[in-house]
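Dear colleague,

I am passing on the structure we spoke about, together with my notes on what I found in it. Please read the notes with the coordinates open beside them.

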Amino acid sequence: MSLSRFTKRYFWIPIFAGMTILLLASCNSCQNFRPFDPAAPLSEKWERISPWISGSSPYIVVADLNKLAETDFFKEVFTNNADKNLQLFKAFNIQTDVGIVAFANDVMFIGGKFEPEAILQKIGETLKEDEAELQEDSYRHKKLYTSTDEPDSSFTFLEKYLIAFGNKDSLKKLIGDKGSGKPPAVDTSRIFWGHINDASKYYSKIGSLEFYADITSTMKVFAVASLASKEAAKSMVEELEGIKTIKTIQSVDEPWLADVLDEIKIDRDDSLVNVNAVIDQKTAKAMLKRGLK
């Protein structure tokens, strides 16, 4: 799920600058020309994106950015953050421009309410500062844009108000496969929710993993891992507690990391392992600062 340097650099531009592309020559559905209402329930916004995402996706993450932007946590950690890498947060109104962000199959989706051509102009101007430019390619009547300094990362407008970031092969497959599988079921009652179908790739004993966050002035993160048996769940709890202890000892030079580890609670319910933690604003800023280095 990691984003390339190009995607990280310009991820926030479309979120806050607003984005569209010229109208397609023809339209199979008027919905393509209807903006995502940022304030609409997440279930409505997800319904617009879901036809593009197959239920067989290895993972799915969904976030309601409109609701997230209303929280004290977001305002303090992002909007009021003096870090130079986050200055774009202060220039645009996330509540009016973006409704939903989703990740699946190495593609990031953003749906919102945008001004025509603003995104291309803004990215083009930013690239010039780095002595780069956008290259344009076409695939099945859709335009793919790639920065000359980041050839492995591209974006396309799937619809006028829906953009997708990823490498060219992922985007082409996405366009070609639309509607070929039943969309995944997601929990749209959360501001942030995600699910990994085959978590064994990350930890051999886990079958599936669900995680979500409740966000107000703090971020409360919850994760539920499903294992094959009670014995396997018990073993995992012991391992996680051991890892937590070791990392705490190693974090002597990073007090904020010790604070995060101290807040992590691990318990077992039959063959399920529950992990939860509370991340305050100060700790979140420290984590973000490290992540932006």
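Ile266 is a residue of strand β11, which spans residues 265-269, and in this predicted model Ile266 counts as buried, at 15% relative accessibility. Leaving aside residues up to four places away in sequence, Ile266 touches Val237, Leu240, Glu241, Val273, Asn274 and Val275. The C-alpha atom of Ile266 is separated by 9.3 Å from that of Glu238, a residue 28 places away along the chain.

Strand β11 belongs to an open sheet of 12 strands, paired antiparallel in the order β4-β5-β6-β7-β3-β2-β1-β8-β9-β10-β12-β11. The edges of this sheet are β11 and β4 (134-139), each of which pairs on one side only, and the twist from one strand to the next averages 15 degrees. At the β4 edge, six bridges join β4 to the antiparallel strand β5, residues 142-147, and there Glu136 has Tyr145 of β5 as its bridge partner.

Tyr145 also leads to the aromatic residues, since it forms one aromatic cluster with Phe155, Phe157 and Phe165. The count of aromatic pairs in the model comes to five. One of them is the pair of Phe155 and Phe165, which is tilted, with 5.5 Å from centre to centre and 35 degrees between the planes. This pair links distant parts of the chain, with Phe155 in strand β6 and Phe165 in strand β7, 10 residues apart, and both Phe155 and Phe165 are buried. Tyr212 and Phe222 form another aromatic pair, in this case stacked, with 5.0 Å between the centres and 20 degrees between the planes. Because Tyr212 lies in strand β9 (residues 206-215) and Phe222 in strand β10 (residues 219-227), the pair ties together parts that are 10 residues apart in sequence. With a relative accessible area of 16%, Tyr212 is buried, whereas Phe222, with a relative accessible area of 24%, is partly exposed.

Turning to the helices, α3 (residues 42-49) has Leu42, Lys45, Trp46, Arg48 and Ile49 as its buried residues. Seen down the axis of α3, these residues fall within an arc of 155 degrees, and they therefore line one face of the helix. Against what do they pack? The buried residues of α3 pack against the strands β1 (59-63), β2 (98-104), β3 (107-112), β6 (150-159) and β7 (162-166), and also against helix α4 (65-69). The helix α3 itself lies across β1, β2, β3, β6 and β7, and runs at about 55 degrees to β2. Arg48, one of the buried residues of α3, has its charged end over the ring of Phe36, 4.1 Å from the ring's centre.

In helix α5 (residues 72-79), the buried residues are Phe73, Phe74, Val77 and Phe78. These cover an arc of only 90 degrees around the axis, which means that they are on the same side of α5. As background to both arcs, an α-helix has 3.6 residues a turn, so residues three or four places apart point the same way.

With best regards

Conventions
Residues are numbered from 1 along each chain as its sequence is written. This is a predicted model: local features need pLDDT of at least 70, side-chain atom pairs count only at pLDDT 80 or more; totals for chains, interfaces and linings use all residues. Side-chain values use heavy atoms; hydrogens and water are left out. Buried means under 20% relative accessible area, exposed over 50%, partly exposed in between (1.4 Å probe, protein chains only). Helices (H or I, at least four residues) and strands (E, at least two) are DSSP runs, numbered from the N terminus. The arc is that of the directions from the helix axis to the C-beta atoms. Contact means heavy atoms within 4.5 Å. Rings of Phe, Tyr and Trp (its six-membered ring) pair if their centres lie within 6.5 Å; planes under 30 degrees apart count as stacked, over 60 as edge-to-face and the rest as tilted. A charge sits over a ring if NZ of Lys or CZ of Arg is within 6 Å of the ring centre and within 35 degrees of the ring normal. Two strands pair if DSSP finds at least two bridges between them. Axes are lines fitted to C-alpha atoms, for helices over the stretch in contact, and angles run from 0 to 180 degrees between N-to-C directions.
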